[in-house]
Every structure is written in structure tokens, then in C-alpha cells.
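These are my notebook entries on one protein chain, kept in the order in which I looked things up. The structure comes first and the entries follow.

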Amino acid sequence: MKFHGKHPVPVTPSSKVSLVPSEGEDMDGFHVRNTYAELEASGVKGDGYEEGVERTRARIGTSRTSQLQAEAALGDGLEKKRDLDPKEIQVLKSVDRYGFFSITSHDRLILLNASPLLKKISPTPAGHPSLSPNATTVSALPPASVPPKEASRIGKWTRMLVPQKREQGGNVDSWRIRTSKESKLRERTYKGIPDRWRRAAWDLMMSRISGFTPRTFDILGMEYREGLDKPSTYDIQIDLDVPRTISGHIMFRTRYGAGQRSLFHVLHSFSLRCSTCGYVQGMGPIAATLLCYFEPERAYASLVALHDTYNLHDVFNPGFPGMLEAIYVQERIMETIMPAVYEACRRHMISTTSYATKWYITLFANSVPFQTQLRLWDAFLLEGYDLFVAVAVAIVWVYRDHITAASANFETILSLLSSFFVPESEDALMSWIEMTLGDKKLRANMSKWRQDWKELVASGKEGTALL
């Protein structure tokens, strides 16, 4: 039994976390881990619609008022049993189909025009120099609407996926593709996986690329739970990042709510997985997105699959070597297909890392609307990390005339490429990416350029190889 103030907080088997400092553990780090352990056991009130009380970055004060406020925020075990109160109902009414609040702010929203995406990628000259260097701005994010063909696609995916393994209770644990529908997977993925099938489809695609079996997922789930008993040198930084990770989502709104606790625990255990990667901030949005579809154990296992087989080990390693390799490939495509754009970036001293770093590290989680991000991830889990190179090239392709305009300069180009992109047509974007990655000659060149980059690194010449 662990006591918080005057009230005992039982530690249940499902939330068993060591509340004793490990030998040599930093006490501030232990305070963070201990706080999440206590609140995993008790829960917090108003989860999803209250802001919650800060307990780690600003510790509970010594005043009686501060103590009472902290105690009042603790759950009482009845949160899920009582009826919804009017305030909670009002909050629930304000979220979109993915759980985001309708009022979401972003620094600079610009339209990703569809018309350039109707043209197949091919060598292209600069646009007319008199064109404007500024793109069309968007005043607000469009609502996350249900795609017109969602119902028919649900039917198609229902007929395409069949259970492979069931849990003891009868729930499906893993899926497989009906043999006669195997040829339909790529086409249907690019058209958009119906949201109710996304968990199953993502699980299936990650399993196919990683080779993970249901037994592998069970072992990784156990590894996740065992990691909760161990200290991590990254716990303080993870705790700092958790409340600012997709905070516009109802699941992650409440400080130390179930979503924030799950996010902390997944990132904590994952930081112990790889001694070289540890934890970097870009992992947060990725883990949070996975938690929108998977329970913590499965989200952790999915992160491991991404790390081990989708190139994220190289992306997150110190110095981000996998990201730099992707940027090198992006620049070679730009130089080959859009030489005027490449030259404009060189002339204005626009380094690709200055705008594309966040694209490649967060897998575009903070650069496009969530609904668009999900569709990009659908294709990523099918295609691999080359998908994000294609997305980066698509953005530059759309704005190529703005970048090469006579009045363009360092500020206009960097501001443009650092914006939040709102596709005019997600279907046009996904179709362009599908067509681009389906170009066998381009794909072969991408493989060659990756090898070229590895040789540059081996010879110590990579430092001068990027813009």
C-alpha cells in the first residue's frame, strides 16, 4: 500500500510498478516514475475533460490548499461507473471523429494545391519568374469528415481480411489477407484504409514487414511491462514532453490522465530498448498516434517493429544518420527532376535539414492534418521509409514555382517549407505518391543514392554532400 497525503492508493496487479528507487537512480527521475505509478493505480478525476493538476514539473506545494487540490484530483475508482456529467458531455460533443477538439491552432496553414499533383513527376523547368513566392493561406483546418466511399471500403476490407488467431475470449488477435484479395492490398491502402479497420491493417502490415508473430508480440508485451519497474535516464525529459504531445486530443488532454500515463510508460520502456537511440522527442508523436489505435503493450511492440525494420533505428540514432540519408536522396531527386528548385535552394542557402528535419523524425505527425497523417502512415507501413521521401518531394513539387520565383528569398522559401500543409485533395496527394513510388526507374535510383550516401559516410565526405 502506498500513501499519498492521508489517502492510501492501492497498487493493483495490472499497474504494478516499482515504487522503490533503484540503486543509483536519480531522485528527480524517481519522483517522475513514482508519480506515474501512483496515478496509474488511482487514476485521476475528470480524465479527458479536466486539465488535471501538475505534479512533476511543479511539485505539490506545502500549503494546505495545494495539498487539498492535489488530493481532490485523485481518482476514486468510480470514474468509469458513474453517468457522464453535463461538462463532460459538452466536451465530448466538441471533438472530431478522431478525438481532436474542434479548435486547434497552428502557426501557419497553407494549401497544398492539387493541380500540380495531377502531373506525373518528370524533369521540369522553373516557373515564370513573375509568379508569387507566397502560397495560398488557409484560415482554419477543414473538419475531419467521413470519406464519401468509407462505407463501401469497409465492406471491401471486411471481405479482404480474415482472422488468423483469436485470444482466449474470442477476440481476434491477428489477421491475414484472403489469398484471392492479395493483389488488392496496395491499391486499397493508397485509397485509404477505413478507420475502423486501421488497427487490424496496421498490425498486419507491420507483422508482414517485421516478421513478428503473435508470440513475438506477447514477448514484447512482457518486455514493456517489465520495463516499468526499471529506471530510465530519460524519464525527466519524457515527462516534460508528454503534456505537449498532440495535446489537442481528448485522450491526451488531462495531465496524468490515462492517455498521458500510457504515453509516458510506452516511451519509458522504449527508451530502455536501444542503448544508442534511447529517447528523442520525435518518438512522442509517433507513440501517441499508435496509442490512438493500440493498447500500450501493442503500441510498444509496434514502436519496436518500426525501430527494427522500418529504418527508425537509424533515424533516431545520435546524429540522425537515417534522416540525413533520406535528405540526401530527396536532394538527388530534386536535383534530377527539379534542377531550378535545387539551384534556388543552393543560391538562397536553404539547407534541407532546416525545414525537413521535423518531417522525417516525426513521420509528418506535426506537418499535416491528422487525417492526412493517417493516410500517409497507411502507405508507409506498406511501403517502408521511402514513403516519406516521396512525401517530401511531393511538397517541394507542389511549391516549385513559388520557390523559383524571382522575388523569392531565404525568408519566403524557409517560411513556405516550414508551414503546416493542408492538402486540397488527399486523394490527389496519395495518388501522386503511389505513382511516384511505383516508378521502377526512380525506385532503383533511390536505392543507388542510398548506397552512394553510405559510401560518402564511410569516406568521411558526407559533411559537404548536402545543401
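**Entry 1. Glu325 and its partner**

Does Glu325 count as buried or exposed? I looked this up knowing that the model is a predicted one. Glu325 counts as buried, because its relative accessibility is 9% and the cut-off for buried is under 20%.

I then looked for its charged partner. Glu325 forms a salt bridge with Lys454, and the closest N and O atoms are 2.7 Å apart. Lys454 belongs to helix α21 (residues 440-458) and Glu325 to helix α13 (residues 321-337), so this pair ties together parts that are 129 residues apart in sequence. Lys454 is partly exposed, with a relative accessible area of 42%.

**Entry 2. The wider set of salt bridges**

I searched the whole structure and noted 31 salt bridges. Arg186, Glu325, Glu383, Asp386, Glu434, Arg443, Arg450 and Lys454 are linked in a network of them.

Within that network I looked up Asp386 and Arg443, whose side chains meet in a salt bridge at 3.3 Å, N to O. This pair links distant parts of the chain, with Asp386 in helix α17 and Arg443 in helix α21, 57 residues apart. Asp386 is buried at a relative accessible area of 13%, whereas Arg443 is partly exposed at 23%.

I also recorded the pair Asp308 and Arg273, whose side chains meet in a salt bridge at 3.4 Å, N to O. Asp308 lies in helix α11 (residues 296-309) and Arg273 in the loop between α9 (258-271) and α10, so the pair ties together parts 35 residues apart in sequence. Asp308 counts as partly exposed at 39% relative accessibility, and Arg273 counts as partly exposed at 31%.

**Entry 3. Domains and their interface**

I turned to the domain assignment, which gives domain 1 (13-94 + 192-309) and domain 2 (321-464). Taken over C-alpha atoms, the domain centres are separated by 32 Å. I noted 16 residues from domain 1 and 14 residues from domain 2 in the contact.

Domain 1 and domain 2 bury about 1,300 Å² between them, with 75% of it on carbon and sulfur atoms. Of the area that domain 1 buries against domain 2, Trp202, Met205 and Ile286 supply 31%, more than any other three residues.

For polar links, I found 1 salt bridge counted between the two domains. Across the interface, 4 residue pairs are in polar contact. On the side of domain 1 that touches domain 2, the elements giving two or more residues are α6 (198-210) and α10 (283-291). The largest share of that side, 5 residues, comes from α6.

**Entry 4. The largest nonpolar core**

Which residues touch the most other members of the largest nonpolar core? Among its 128 residues, they are Trp202, Ile333, Tyr360, Leu387, Tyr399, Ile403 and Ile433. Helix α17 (residues 386-398) gives the most to this core, namely 12 residues. The core draws at least three residues from each of domain 1 and domain 2.

I listed the contacts of Ile333, setting aside residues up to four places away in sequence: Ile121, Met338, Val389, Val393, Leu442, Met446 and Trp449.

**Entry 5. Asp173, Pro214 and helix α4**

Asp173 is found in strand β5 (residues 172-177) and counts as buried at 10% relative accessibility. Apart from neighbours within four places in sequence, Asp173 is in contact with Lys165, Arg166, Glu167, Asp203, Pro214 and Arg298.

Pro214 is found in helix α7 (residues 214-227). With the same exclusion of neighbours within four places, the contacts of Pro214 are Lys165, Asp173 and Ser174.

In helix α4 (residues 150-160), I noted Glu150, Arg153, Ile154, Gly155, Trp157 and Met160 as buried. The buried residues of α4 pack against β4 (161-166), β5, α5 (185-191) and α6.

**Entry 6. Positive phi values**

Most residues other than glycine have a negative phi. I therefore looked up two exceptions, noting first that Met349 has a positive phi of about 60° although it is not a glycine. Met349 sits in the loop between α14 (339-347) and α15 (352-362) and counts as exposed at 69% relative accessibility.

Leu363, also not a glycine, has a positive phi near 55°. Leu363 is placed in the loop between α15 and α16 (370-383) and is buried, with a relative accessible area of 0%.

Note on methods. Residues numbered from 1 in each chain as written. Predicted model: local features only at pLDDT ≥ 70, side-chain atom pairs only at ≥ 80, totals over all residues. Heavy atoms only, no water. Core = buried A, V, L, I, M, F, W, Y, C linked by side-chain atoms within 4.5 Å. Buried < 20%, exposed > 50% of the residue type's maximum accessible area, 1.4 Å probe, protein only. Helix = DSSP H or I, 4+ residues; strand = E, 2+ residues; numbered from the N terminus. Domains from an automatic or database assignment. Contact = heavy atoms within 4.5 Å. Buried area = accessible area lost by both parts, 1.4 Å probe. Salt bridge = Lys/Arg side-chain N within 4 Å of Asp/Glu carboxyl O. Polar contact = N/O pair within 3.5 Å; in protein donor to acceptor, adjacent residues only side chain to side chain.
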